[in-house]
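Let's take a walk through this one, from overall build to cores, contacts and one long stretch of helix. Have the structure open as you read.

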Amino acid sequence: MNDSVAPGKLVLAGIRKRYVREGRLYPVLDGISLTVGEGEFVTLLGPSGSGKSTLFRLIGGVERPDEGRISIGGKETTGRRGQISYMPQQASLFPWLSVAANISSALVTAGIERRRAAALAEEWLERIGLGDVAGAYPHVLSGGMQQRVSFLRALLMPRGVMCLDEPFAALDALTRAEMQTWLLRLWEEERRSVLFVTHSIEEALTLSDRIYVLSPAPARVLREIEVPFARPRRADVWTEPDFVELKQEVLGLLARRGAAHGV
Amino acid sequence: MASNAWRKTLLPAGTLIGLLLLWQACCMAFDIARYTLPAPWDIARRMAEDGPRLLDQTWSTLRLALKGIGLGIALGIGSAIVFHLIPGVRSALSPIIIITQNIPLIALGPLLIIWFGFGLLPKLILLALVCYFPIAWSMLAGLGQAEPHLREYLAMIGASRLEVLRRLELPASLPYLFSGLKITATYSITSAIVAEWLGASEGIGHYLVLKSKGYDTTSVFAAIVCIVTLSLAFYGLAVLLERLAIRWRPGRPAAAEGGKAS
């Protein structure tokens, strides 16, 4: 199959990671295997502290796994940086750069020529309706607008896989729903490979093609769920009976594991 | 707003003028000898009479201070970056640097003159030593203060060490650099005076020595006015540069300044 050389394909095989703290071993990831196909939106769903951020650091090459391999686009990238684009929980915009410069400087890091990077930033900010604030410093933007800029910055980086680490966790409920709709629309136009982390079941079901449900630490994949709703997806997909059923299933899965762990 | 402006400018200015008037009144009322304490009016008259010479001497001190502070800034920024990038160098050199900072200028000055003569060089060394420390140490602190989540972001997208320095650490250290610069700005004038006092043929420090040896107290006060003005101007310049360089946080530099002053 030709699928294995698709540039956006991410494969994790048997990833284990332990930390030593005060002489004790803490296993964080206990044999995680997963794939994100080209142009697929995959979500990692798990309780807080299930090692999702650690997994991201491994994929980003900032840390190395104790066991297991990571590959992107068919090439082994275990412990190698600069292979992904990244959207963190906090918008992480540089306060001394204008909104446009925040985007273009990240593109320069990713190897795009300076003038082209500036033009791309300008063009896309206009396109998502933030052309007016392109020259402003990030602190004048609201939390939701900052996250839009942060998403755009990740989207425009020419890298195979986008990793989004609970990007909406810090937003209020209304802004969050609005941002989900916005992201859904933009992503469905662009169709990039996305690995998305959240602990909101609704968010996972609304956005993803597939979901991996993780256990509390040490994290294992409890179940892989194909999300059956059609694309382009409606923002009110949560009103469908299937949605409620899936949500209950996942809730049950997490609750049972929680009880088994004595939480 | 109006009461704020009153508190910030009018009140201190009023106090200063009041003090000058009180000083003038005391000198007149108690008939104090001019060589003990000259009245403000006498000082002002002397400054007007001796104006061209004072200006000349002040200008010479200003040039010396600018050269010294320039050298101190260049060395300070340069070594802060090196220390930050190579922690071993910092550990190796910091005892020596701290020792140099604790040798009194009064002792160091004559030694430098013995070694390097009465020219510009010993004065420049003295000034650079004084200016170096606040710049280097505050900048070094600033380089390590960059926001952890921005550092994490750059690591995740695979930015190189040099990019982290250029895009994150250097801009983040600017507020610290400027708080060091504001300290250095006033130090540099005082040290320039000390350097000139130790051995020079021009400059306001030299003028000060000459006049105090001749018991010309009025001229000594005139020199003090020039020195204080110079110091304030340097400080003001540092504040102005800070405003120009750090424009991304309107309203916040003032709060940060208040925090540091306390």
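What follows looks at chain A, then at where the chains meet, then at the cores and a helix of chain B. Keep in mind that this is a predicted model.

Let's start with chain A as a whole. Its secondary structure adds up to 7 helices and 10 strands. How does its radius of gyration fit the rule for a compact globule? A compact globule of 263 residues would come out near 18 Å, and chain A has 19 Å, so the two agree. Along the principal axes, the C-alpha atoms fill a box of roughly 55 × 45 × 45 Å. As for burial, 40% of the 263 residues count as buried. Chain A also has plenty to say about sequence distance: take the contacts between residues at least 6 apart in sequence, and 70% of them join residues at least 24 apart.

Now for the meeting of the chains. On one side there are 19 residues of chain A, and they are in contact with 14 residues of chain B. On the chain A side, β6 (84-87) and α2 (99-109) are the elements that give two or more residues. The most comes from α2(A), with 3 residues. By type, that side of chain A divides into 9 nonpolar, 9 polar and 1 charged.

Next, the cores. Here are two of them, side by side:

| Core | Residues in it | Some of its members |
|---|---|---|
| Largest nonpolar core | 72 residues | Cys163(A), Leu195(A) |
| Second, separate core | 46 residues | Ile73(B), Leu126(B), Phe133(B), Leu198(B) |

In the largest core, Cys163(A) and Leu195(A) are the residues with the most contacts inside it. The element α2(A) supplies the largest share of this core, 6 residues. What does Cys163(A) touch, leaving aside residues up to four places away in sequence? The list is Phe56(A), Ile59(A), Gly60(A), Ile84(A), Tyr86(A) and Leu195(A).

Finally, over to chain B and its helix α10 (residues 217-245). With 29 residues at 1.5 Å a residue, α10 should span 42 Å, and its end C-alpha atoms are 42 Å apart, so the expected span is met. Which residues of α10(B) are buried? They are Thr218(B), Ser219(B), Val220(B), Phe221(B), Ala222(B), Ala223(B), Cys226(B), Ile227(B), Leu230(B), Phe234(B) and Ala238(B). An α-helix has 3.6 residues a turn, so residues three or four places apart point the same way. The cover over the buried residues of α10(B) includes α2 (40-49), α3 (51-85), α8 (161-198) and α9 (204-213) of chain B.

How values were computed. Residues numbered from 1 in each chain as written. Chains lettered and ligands numbered in written order. Predicted model: local features only at pLDDT ≥ 70, side-chain atom pairs only at ≥ 80, totals over all residues. Helix = DSSP H or I, 4+ residues; strand = E, 2+ residues; numbered from the N terminus. Expected span 1.5 Å × (residues − 1). Buried ≥ 20, exposed ≤ 12 C-beta atoms within 10 Å, placed from the backbone. Contact = placed C-beta atoms within 7 Å. Rg over C-alpha atoms; globule rule 2.2 N^0.38 Å. Nonpolar A, V, L, I, M, F, W, Y, C, P; charged D, E, K, R; others polar. Core = buried A, V, L, I, M, F, W, Y, C linked by C-beta atoms within 7 Å.
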